[in-house]
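Biologist: Can you put the model up? I'd like to go through a few side-chain contacts.

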Amino acid sequence: MNISQFQQESSYNGLFKKSNTVMFIVKEDNLCIIDANDAACAFYDYSYEDMTGRKLKDIDIDIKENIKDLLHRNIAFITRHRTSAGSIIDIKAETDTLVLNDEKYFIIKISDITSHKYTLTHIINHNMELEIVLNNLPFVAWFKNVQGRYTIANKHMEAFCGHGKNEIIGHTDYDIFSRNIAEENVNNDSEILSGRMGAYTREFQIKGKWREEYKTPVYDRKGEIIGTVGFNRDITGRKQKDRALKNAALKEERLLRETIELKDNFITLITHEFKTPIAVINAALQTMELVCENELGSRSLKYLDKIKQNSNRLQRLVDNMLDITRLKAGRMKLNYNNIEVAELTREITESVKAVAHRKGIKVCYKTDLDELWISIDDEKYERILLNLLSNAIKFTPANKHVFVRLSIEGFFLKLEVKDQGIGIEPDKQAAIFDKFEQADNTLSRQAEGTGIGLYLVKSFTEALGGTVSLVSKTGRGSTFTILIPLQEEAVKKQDLKKKSIRKYVSKELSDIL
């Protein structure tokens with residue numbers, strides 16, 4: 001079908017020739033008017049023959065140079081036209097494209113907007129002011145309508161996408177960017193326009209640079225979305241700074257780990273070195289007790305007891321420091337044995353009574369269990385209980401009691417050590433299980449100790465899969481509760497390690513012996 005055949009179509013007459021809207025058709029290559037409807041001839045005051053013999057630039061007085069570019073965009077634009085009498089009319093032009101037999105034509109609809117001239121002038125001036133503002137922003141800025149076409153773009157937008165303003169305004173992302181970028185832009189615009197996304201932010205890399213982008217919907221006075229506004233800026237410098245700070249933090253963390261490891265290794269080395277002289281001192285003490293027992297007077301024996309006590313205290317400190325470094329390094333080993341725990345608990349409690357008696361303290365043990373065989377690391381269990389008993393005796397005044405109770409609670413072995421001592425202030429209770437922490441009052445400062453014991457109690461208990469808790473009131477005593485999950489029931493009896501208990505008693509109670 002050619003243009004002549006198209007003009008003879010009945011629908012053509014109804015939609016074009018007889019329409020009250022001013023319309024004419026121009027050819028794409030030379031912008032010559034080849035057809036005009038009756039409304040167009042009346043509007044410009046030309047006969048049909050005079051109207052179709054003219055070129056579009058003959059009646060347009062504003063945008064003659066780039067008018068073809070505007071027609072190709074198929075967008076509405078505002079300009080001024082001249083009638084046959086020479087009158088100048090402000091008009092709005094809307095275009096559609098028509099292709100017949102590979103030839104392109106533009107159908108142009110004209111609206112008289114002279115009565116709206118003041119409003120249009122105001123809008124144009126407002127847009128000019130907006131453009132000046134946008135051009136002075138230090139980042140890329142744009143506005144797109146609901147059809148996804150750019151209607152505003154600042155000078156930074158031109159530099160960013162590498163296109164002039166005429167190649168941006170009226171065009172879509174597919175006309176400006178690569179397909180991948182365009183599809184991403186269109187997809188998130190769609191989310192914003194649908195109301196499913198209030199705003200959209202992202203960071204992305206392009207041409208080796210990092211950029212930050214922000215988009216948000218724009219609403220009219222009726223609350224309807226009329227488009228999207230967006231900004232993006234170069235954040236490469238910030239990213240480089242963040243990366244430098246992160247690298248510095250990682251370096252500092254690595255140095256800190258290395259320093260801590262070096263310190264732990266140093267402590268381990270020193271504590272191991274302490275073991276040899278302590279062993280020599282203990283061997284000498286044992287030799288003196290065996291060989292020179294009848295030759296030593298009471299005063300000498302008293303001094304030997306002091307040496308033994310402080311040797312045990314030093315041994316306890318060395319052992320505790322080694323345990324701490326093992327715990328931190330994850331090298332604490334558990335050695336489970338089948339133990340009758342009720343009798344073991346009684347033996348441990350009995351072993352401290354003599355020490356407690358010297359301070360005028362009575363130690364009481366109670367259990368409803370006749371016999372309970374469990375699988376447990378008995379060495380860790382002994383040290384847990386001895387530490388708690390040592391702590392209780394240390395901070396309990398004369399003529400008071402320390403209570404030990406063993407029971408079963410659900411699937412847990414429950415061990416309670418209760419004293420009638422000084423108690424622990426509320427603000428200290430949260431930190432009492434930390435390393436080197438003691439309740440800060442006069443009596444505790446007078447008592448010997450490093451503050452490691454309760455830290456090890458908690459660490460050993462947790463290593464056994466259990467928990468430790470504290471209830472305390474200042475001046476009314478403290479109750480420590482240990483809950484240890486029951487392992488498989490033991491079936492094979494073993495001898496209780498009385499010698500081991502006595503060895504740990506001398507060390508764990510060395511601060512109060």
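Modeller: Start with cysteine 364: its relative accessible area is 23%, so cysteine 364 is partly exposed. Buried means under 20% relative accessible area, exposed over 50%, and partly exposed in between, with a 1.4 Å probe and protein chains only. This is a predicted model, where local features need pLDDT of at least 70, side-chain atom pairs count only at pLDDT 80 or more, and totals for chains, interfaces and linings use all residues. Residues are numbered from 1 along each chain as its sequence is written, and side-chain values use heavy atoms, with hydrogens and water left out.

Biologist: Is cysteine 292 buried, exposed or partly exposed?

Modeller: Cysteine 292 counts as partly exposed, because its relative accessibility is 23%.

Biologist: How many disulfides turn up in the whole structure?

Modeller: Zero. A disulfide here is a pair of cysteine sulfur atoms within 2.5 Å.

Biologist: Moving to rings, how many aromatic pairs are there?

Modeller: Searching the whole structure gives five aromatic pairs. In one, phenylalanine 24 and tyrosine 44 have ring centres 6.2 Å apart and planes at 70 degrees, so that pair is edge-to-face. Rings of Phe, Tyr and Trp (its six-membered ring) pair if their centres lie within 6.5 Å; planes under 30 degrees apart are stacked, over 60 edge-to-face, the rest tilted.

Biologist: Are those two buried or exposed?

Modeller: Phenylalanine 24 and tyrosine 44 are both buried. Ring pairs also join Phe24, Phe43 and Tyr44 in a cluster.

Biologist: Which ring does the charged end of lysine 239 sit over?

Modeller: That of tryptophan 210, 4.6 Å from the ring centre. The criterion is NZ of Lys or CZ of Arg within 6 Å of the ring centre and within 35 degrees of the ring normal.
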